[in-house]
Amino acid sequence: MRDITNTKQAERLQAALYRISDASAAIEDMEGLYVAIHRIVGEFMYARNFYIAVRNETEGTVSFPYFVDEADAAPPRSRKPRP
């Protein structure tokens, strides 16, 4: 029974990854891609609070191009990550 459950979960994850890949090819703006990724991740786990962080190694900063939070209206400003 466990093998079947693991197989089904692996198939769901693979299908989600294909959907993200398809979205990256079909969606013309990054915001649309972020929304699609958020929706797909939300099918697997609680994701009402969700962000995508981008690390700029040259400047040593982290920015948040996509940010959805039930409590905070805006993401943190670009900042240097903690060591």
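**A colleague's note on this fold**

1. Let's start with Phe-44, which sits in the loop between H2 and E1. A word on the labels: helices (H or I, at least four residues) and strands (E, at least two) are DSSP runs, numbered from the N terminus. Keep in mind that this is a predicted model, in which local features need pLDDT of at least 70 and side-chain atom pairs count only at pLDDT 80 or more, while totals for chains, interfaces and linings use all residues. Residues are numbered from 1 along each chain as its sequence is written, and side-chain values use heavy atoms, with hydrogens and water left out.

2. Is Phe-44 buried, partly exposed or exposed? Phe-44 counts as partly exposed because its relative accessibility is 34%. The cut-offs are these: buried is under 20% relative accessible area, exposed is over 50%, and partly exposed is in between (1.4 Å probe, protein chains only). Together with Leu-13, Leu-17 and Met-45, Phe-44 makes a nonpolar surface patch of about 400 Å². Patches are built from residues with over 30% relative accessible area and no salt bridge, joining like charges within 9 Å and nonpolar side chains (Val, Leu, Ile, Met, Phe, Trp, Tyr) within 5 Å. The areas come from the Shrake-Rupley method with a 1.4 Å probe, and for residues only the protein chains shown count as cover.

3. Now go inside. The largest nonpolar core has nine residues: Ala-23, Leu-33, Tyr-34, Ala-36, Ile-37, Ala-47, Phe-50, Ile-52 and Tyr-66. At least two of these core residues come from helix H2 (30–42), and at least two from strand E1 (50–56). H2 is the top contributor, giving four residues. A core here is a set of buried Ala, Val, Leu, Ile, Met, Phe, Trp, Tyr and Cys residues joined through side-chain atoms within 4.5 Å. As background, nonpolar side chains in soluble globular proteins tend to be buried together.

4. Take Ala-36, one of the core residues. Ala-36 is found in helix H2 and is buried, because its relative accessible area is just 9%. What does Ala-36 touch, once residues up to four places away in sequence are set aside? The answer is Ala-23 and Ile-27, where contact means heavy atoms within 4.5 Å. Ala-36 and Ala-23 are 13 residues apart along the chain, and their C-alpha atoms are separated by 6.9 Å.

5. His-38 deserves a look too. His-38 is also placed in helix H2, and at 14% relative accessibility His-38 counts as buried. A polar atom of the His-38 side chain lies 2.5 Å from the backbone oxygen of Ala-47. Leaving out neighbours within four places in sequence, His-38 is in contact with Ala-47, Phe-50, Tyr-66 and Val-68.

6. How many salt bridges are there? The count comes to two, using this rule: a side-chain nitrogen of Lys or Arg within 4 Å of a carboxyl oxygen of Asp or Glu. In general, side chains of opposite charge can pair when their charged atoms come close.

7. One bridge joins Glu-43 and Arg-19, with the closest N and O atoms 2.8 Å apart. Glu-43 lies in the loop between H2 and E1 and Arg-19 in helix H1 (residues 2–26), so the pair ties together parts that are 24 residues apart in sequence. Both ends are partly exposed: Glu-43 has 39% relative accessibility, and Arg-19 has a relative accessible area of 35%.

8. In the other bridge, the side chains of Arg-48 and Glu-70 meet at 2.9 Å, N to O. This pair links distant parts of the chain, 22 residues apart: Arg-48 is in the loop between H2 and E1, and Glu-70 is in the segment after strand E2 (61–68). Arg-48 is exposed, with a relative accessible area of 55%, whereas Glu-70 is partly exposed at 47%.

9. Finally, two residues for getting a feel for H1. Ser-21 lies in helix H1 and counts as partly exposed at 40% relative accessibility. The C-alpha atoms of Ser-21 and Leu-33, 12 residues apart along the chain, are separated by 9.8 Å. Ala-26 lies in helix H1 as well and is exposed, with a relative accessible area of 57%. For Ala-26 and Lys-8, 18 residues apart along the chain, the C-alpha separation is 27 Å.

Key:
A polar contact is a pair of N or O atoms within 3.5 Å; within protein, one must be able to donate a hydrogen and the other to accept it, and residues adjacent in sequence count only if both atoms are side-chain atoms.
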